Structure formats: structure tokens, C-alpha cells
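Here is a short set of comments to read alongside the model, beginning with the chain as a whole and ending with a single residue. Please keep the sequence and the structure open while you go through the points.

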Amino acid sequence: MERLVAARRAKADALRERGGDPFPARFPDRLPIADVCERGEALPAGESLPDAVRVAGRVVARRGQGRMAFLDIEDQTGRLQLWARANRLGDEAMERLLDLDLGDIVGAEGLVARTRRGELSIDLSGAVVLAKSLRPPPDKHAGLRDPETRYRQRYLDLMADPDVRGVFVARSAAIAAIRRHLDDRGFVEVETPTLQPIYGGAAARPFTTHHKALDRELFLRIAPELYLKRCIVGGLERVYELGKNFRNEGVSHKHHPEFTSLETYEAYADYGDVARQLEQMAAAAAIAATGGTIVRFKGEEIDLAPPWRRLDLRDAIAEASGIDVRAHAEAPALRQAMRAARFDAPDSVGWGKLVDGLLSQSLEPTLVQPTILLDYPIELSPFAKRTVDDPSVVERFEAVAGGMEIANAFTELNDPDEQRARFDALVADREAGDDEAPPPDPDFLAALEHGMPPTGGLGLGIDRLVMLLTDRASIREVILFPAMRS
């Protein structure tokens, strides 16, 4: 490698000695390669268009030498052949062109032409180095096989594999479609604090930092929920935030400590309204990213078109696991039943987390088609409103597709006194050793005391949705620069 780098550096130095610049500042009037290909699509073999064009991209292949050579370049939009002839370029320019390395970024000018063999090309009249590649690129045929290298040096992964680039283009398209969907329906995009004096809105351990100027401990947010509800109190009746959350937890194929989520809150809506909004939004994202609502994930066809199946959570768990959580209303009884059925049931967690564990072990992996699981135990949902028929259950749903949770929604609790009691229960959980129970937030309670209208709230995991849309089994595949061990 050192020898290869030294040889490339020598070429850069030689270009400088000739009065050139291996890293010029600009190359104006460049056309995207896709636009050039469209212009020449109907061009017959052996013909060319009358007007010269300018293109630029990375050299990814080369063939020929001497008096004629062919180089392939790529930009984000596509790949195009450069057709170099000494009798058109001149001997000196031809020699410099043949001296290019794979990975160099070049600008090229010439006529759009189709060779006699039918290959659309730029018949070169000139070419210039725009960025000399001092290190060789990954092998185009072998690609990058080591996941560590792919994730740590994502730029090499993007360079080597157009499909990887496609994942992140699809991600961008899905996010843009979600924003359009909400903007078109009168939602206002807002920004709430990432550094928070009190973290909340979920059950998770936070990342902690210290603000020197304020001389106080702050937390990276685990969710924007409590601030977005303050917006509802203040009269912004439809709000959303699409951004990063941070949870100091383990890493798995579907968990990452820094992740992207969408949260929406709508006054005068309930969790039924939110479920319909989620269906429409996910379908719009799928169409924007893939061209349709049917996607392939882990060998299965998944249809994200509305309506999605609805199941009662407790009935669905009973069918999947053989355990009726209603009949095991205390933690010891449920733990014993789970262990008898060979499910993991730690001593350290309470009844609510045992139910959640039973859900994730028995039911969630079986739900391939989009499914909305309705009505959760109150122990799992400190910010959701109780159902009218059963005070032990709240109006909450989770949406599952491809065997993983992608969204979570509530009819939001807006009674400040009951919310205070729920916070008190969380304090008891913290004192009993649950380090994921969030602390109480007195200012949020004060906001609720000013009156929050009936509200439906949604949290959608953008990374997991993109996993579905792009058929990627690991969340690291859809995050450009995932967290790694040192």
C-alpha cells in the first residue's frame, strides 16, 4: 500500500511541476451523467450529437492504451464511458490521460457519441484531473467484504457499491415523502432541545454531559415527546419533529444508541386517528423510496398499503405464547409461567417488562405483514390515557412489520393529576433499581395544568422503516456512520 500511495503522490507532484493543479477549485457547466445518457439515448451507432458537453466523475474502469483508450467514470446519477483518441486529444494530452489512476476524479469535455459497437460515450476533446486519488479504491469486483471496514470507512462502501448508495438515496426519498405528507396536512415542523435538563418521554438510560458555562448536568434527549406536548399546550395544534434521539443502551441488529425518529402530535385526535395517519404516511414513504407499497424484506413480500391488520395485544400474546397475561396479573406468577414455557424471564424486572419481553420473544417475530397491536397494560405506558372500559389498559398501539416494531402511538394522557401519579410510580420504580425509568418533570406537569386538549401522538422509527424499504437486516446498514467499538 505504501508503494502504491507513493506512486500516486509522485503523479500529483509531476502534475504540479507541469503547472497543473491536482485539486482545482471548480469545473463549471458540468452535466449529470444521467442527463447526458438521456440526451444520447436514441443516438445510432457511429453517430454523435453536435454540441459538446462537460461531465465529471470518478474513474472506475479503463481499457486500451497507445492511440486509443476507454475510461468509465461514475457520478451519483450513473456511469458513462470516455472515449479517448490520440488523433483528437494530441499525444501529450493522451499520455496524461493514460497516466490516470482508478479512483481519480476527472472532468471531461467532448461530443456525446455512440461507438460503432453501440456504447454511449463522450468523444473526448479534453480532460482534467479534479481530485487526484492518493489511495487506491476498493476492488470493484471483490468489493468490501469486511463489515468493520464497511461501517468504519463508509465512504469506501459508498464508492464500491452502487446498491449501498441506493439505500441512502431511498432513505432520503422516504424522509422527504414523510415531511411532505405532514406538511400537506397542516403539521408544523418544530425543533426541541437535544440537550435537556430533565430527560423523559421513554424508558431508557440517557447519555450525560456537563455544560461548563451553566455549570449543570444535562442529558442528550431520549425522546422529544414532553417538549412537543408543551407545543400542543401552547396552541400549536399539529406539530412534528424529525431528528436524532440518544439512548445509552446495547447495540443489536435493530438497536443503535443514536437513531432517527419522527414524533407527531395532533390536538383533538386519538390513537385511532394516528393509526390511519401512520398507514398513509408509511405507504407514501414506500412509494417515494421504491415506487410502490409492496417491498421485499428477508425474502418476504410486505404490503404497506392501508389498511393494516389490527389485533388486541393481550389476545395476540396469548395466541402466540400460550400465556394469558390477564390470568397472571402479578410478576411472580407471570415469571413462572414464562419460564415454564421456556421464555426468558429475568428476576430483576417487574410485571410490565415481563409482558414486554413476552411480546418481543413470542409475538413480534411472527408479525411479517404490517400489524397494529392495540391496548397496552398501563404499567408499560406512563404517558397514555386509560381506556374507557378497562382502567388497567391504555389507548396505545405499536405497529410491527417484518418482525420488528416500527412505531408506537398513544391517545395522550392530559390529566395533570394522573400524570403526576404516574411519575410517582416511576420514581418508585427507579428507587427499586429500574435505571430506565425516567424522572418526573415538574415543568411538564405545570404545562398540563394549563390545559392540553385531547391529543394523539406517534413515534415512528425512521431507521427501521428504511430497513424494511431497502431489505436490510441490520440497522447499521441504513445509518451512514454507525457507532463502533474503538
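1. The surface is a good place to begin, bearing in mind that this is a predicted model. The chain exposes about 23500 Å², and carbon and sulfur atoms supply 49% of that area.

2. Turning to the overall build, the secondary structure of the chain comes to 15 helices and 18 strands, while the C-alpha trace spans about 85 × 50 × 50 Å along its principal axes.

3. As for the interior, 48% of the 486 residues in the chain are buried. When contacts with a separation of 6 or more are considered, 65% of them in the chain are between residues 24 or more positions apart.

4. The chain carries 64 positive and 79 negative charges, and the mean positions of these two groups are 8 Å apart.

5. Where along the chain does Lys 254 lie? Lys 254 is found in the loop that runs between the strands β10 (238-246) and β11 (258-267).

6. Is Lys 254 buried or exposed? Lys 254 counts as buried, because its relative accessibility is 16% and the term applies to values under 20%.

7. The surroundings of Lys 254 deserve a careful look in the viewer. Leaving aside residues up to four places away in sequence, Lys 254 touches Glu 364, Gly 403, Met 404, Arg 464 and Ile 475. With one of these, Glu 364, the side chain of Lys 254 is joined through a polar contact of 2.7 Å between the two side chains.

Key:
Residues are numbered from 1 along each chain as its sequence is written. This is a predicted model: local features need pLDDT of at least 70, side-chain atom pairs count only at pLDDT 80 or more; totals for chains, interfaces and linings use all residues. Side-chain values use heavy atoms; hydrogens and water are left out. Helices (H or I, at least four residues) and strands (E, at least two) are DSSP runs, numbered from the N terminus. Buried means under 20% relative accessible area, exposed over 50%, partly exposed in between (1.4 Å probe, protein chains only). Contact means heavy atoms within 4.5 Å. Accessible areas come from the Shrake-Rupley method with a 1.4 Å probe; for residues, only the protein chains shown count as cover. Lys and Arg count as positive and Asp and Glu as negative; His and the chain ends are not counted. The place of a charge is taken as NZ of Lys, CZ of Arg, CG of Asp or CD of Glu. A polar contact is a pair of N or O atoms within 3.5 Å; within protein, one must be able to donate a hydrogen and the other to accept it, and residues adjacent in sequence count only if both atoms are side-chain atoms.
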